[in-house]
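Me: Please take a close look at one part of this model, the loop serine and its surroundings, and then carry on to the helices and the other loop. Plain prose will do.

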Amino acid sequence: MRRGLSLGILIATLVSGIAAAQQPAPNYPTRQVRIVVPYPPGGPTDLIARLVAQKLGERLGQSFFIENVSGASGQVAHAAADGYTLLAVTNDFAVASVTNSNLPYDPVKDFSPITTMSTSPSVVAVNPSVPAKNLTELVALIKAAPEKYNYAAMGIGFGQLSSERLFKLGLKLDALPRVPFNGAAPAINATLAGDTPILMMGLPPVAPYLSAGKLRALAVTSLKRSQAYPDIPTLAEAGVPNQSSELVIGMVAPAGTPPAIVALLQMQIAEIVHLPDVTATFDKLSFQPLGNTPAEFADQIKSDIAVWSKVMKDANIPVN
């Protein structure tokens, strides 16, 4: 899988390089570059952004530093479009535009996509006390005794919509209570304690508990099985088609950032995320490197908006 993916990224990088070669080489950077991470330190977006920032600094000769500012996407949208303020984003960057009617930015109009740095699936897992060994058995258990079950998931954004799409629309468990959490750690702890016997969360924070046997995985949400956990079936393999989704972590810049700078950053990041030491770190975090082109990332953002807008409507989820 990785060989085919790497070949695709190489071709995309070469094409991007040809486009960049047709533009004047940018005198960039000439000073330090700020990468805003709109999440607290220590989470997966922060960790991956810091890893990439370090490598960018080593390659381009200027400091790329991380600034953690919750909810700062709107601020970056109005920053100078000169390449010296960048934003690390996840699916929530696009999803927020369909869940929040008062969003202070437009993810399509206000930003120039650079690249997707990494992807990772979510996982459906259960406390070991739940006897189900697969999704079919889990659905049967819930239907037989619905009062015994609920599930933990993120309270807002991509995590909320992907979990509601699966349980409401995919598994037809409309009455199964969703217990929202504002972070992965409290949701996982609740499932470990048995308070919420079912969990749907990003694979990276759940992975250590799967390895330790403290949680049992039933399915991952990616199109293909996780390289780190090849024994876990995909949702499609588990009998639930058309439910695939992945957490993406990408980089964007304010709209109007010179295309030559965007192309330079994309090529550098695409190479960085496929370096052996970086891919080894990604593997430990249960992430896969990507490094797609700005156009491909732009299409992903537009697709997220369309897909999750439909989920909001079909699942009767109100707009905030």
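Reply: S286 sits in the loop that joins α10 (276–285) to β10 (288–289). In this predicted model, S286 has a relative accessible area of 9% and is therefore buried, the cut-off for that class being under 20%. Leaving aside residues up to four places away in sequence, S286 touches T119, S120, L203, P204, A207, A228 and Y229.

A second loop serine, S63, is found between α2 and β2 (64–68). S63 counts as partly exposed because its relative accessibility is 38%, and the partly exposed class lies between 20% and 50%. With residues up to four places away again not counted, S63 touches Q32 and V33. S63 and E296 are 233 residues apart along the chain, and their C-alpha atoms are separated by 27 Å.

The helix before the S63 loop is α2, residues 44–60. α2 has 17 residues and reaches 24 Å from its first C-alpha to its last, close to the 24 Å expected at 1.5 Å a residue. Its buried residues are T45, D46, I48, A49, L51, V52, A53, K55, L56, G57 and L60. Just after α2, G61 adopts a positive phi of about 80 degrees.

The remaining part concerns α11 (residues 294–314) and its packing against two other helices. Two packed helices are described by the angle between their axes and the distance between the axes.

With α4 (residues 92–99), α11 packs at an angle of about 40 degrees, the axes being 8 Å apart. The pair is therefore oblique, and α4 passes α11 in a right-handed crossing. On the α4 side the contact is made by F93, A94, V95, S97, V98 and T99, and on the α11 side by I301, D304, I305, W308, S309 and M312. These contact residues divide into eight nonpolar, three polar and one charged.

With α6 (residues 157–170), the axis of α11 comes within 10 Å and the crossing is at roughly 55 degrees. That angle makes α6 oblique to α11. The crossing of α6 past α11 is left-handed. F158, L161, S162, R165 and L169 of α6 meet V307, W308, V311, M312 and D314 of α11. Here the division is seven nonpolar, one polar and two charged.

W308 and M312 of α11 appear in the contact with α4 and also in the contact with α6.

Methods:
Residues numbered from 1 in each chain as written. Predicted model: local features only at pLDDT ≥ 70, side-chain atom pairs only at ≥ 80, totals over all residues. Heavy atoms only, no water. Axes fitted to C-alpha atoms, helices over the stretch in contact; angles between N-to-C directions. Helix = DSSP H or I, 4+ residues; strand = E, 2+ residues; numbered from the N terminus. Parallel < 35°, antiparallel > 145°, perpendicular 65-115°, else oblique. Left-handed = near helix turned anticlockwise from the far one by under 90°. Contact = heavy atoms within 4.5 Å. Nonpolar A, V, L, I, M, F, W, Y, C, P; charged D, E, K, R; others polar. Expected span 1.5 Å × (residues − 1). Buried < 20%, exposed > 50% of the residue type's maximum accessible area, 1.4 Å probe, protein only.
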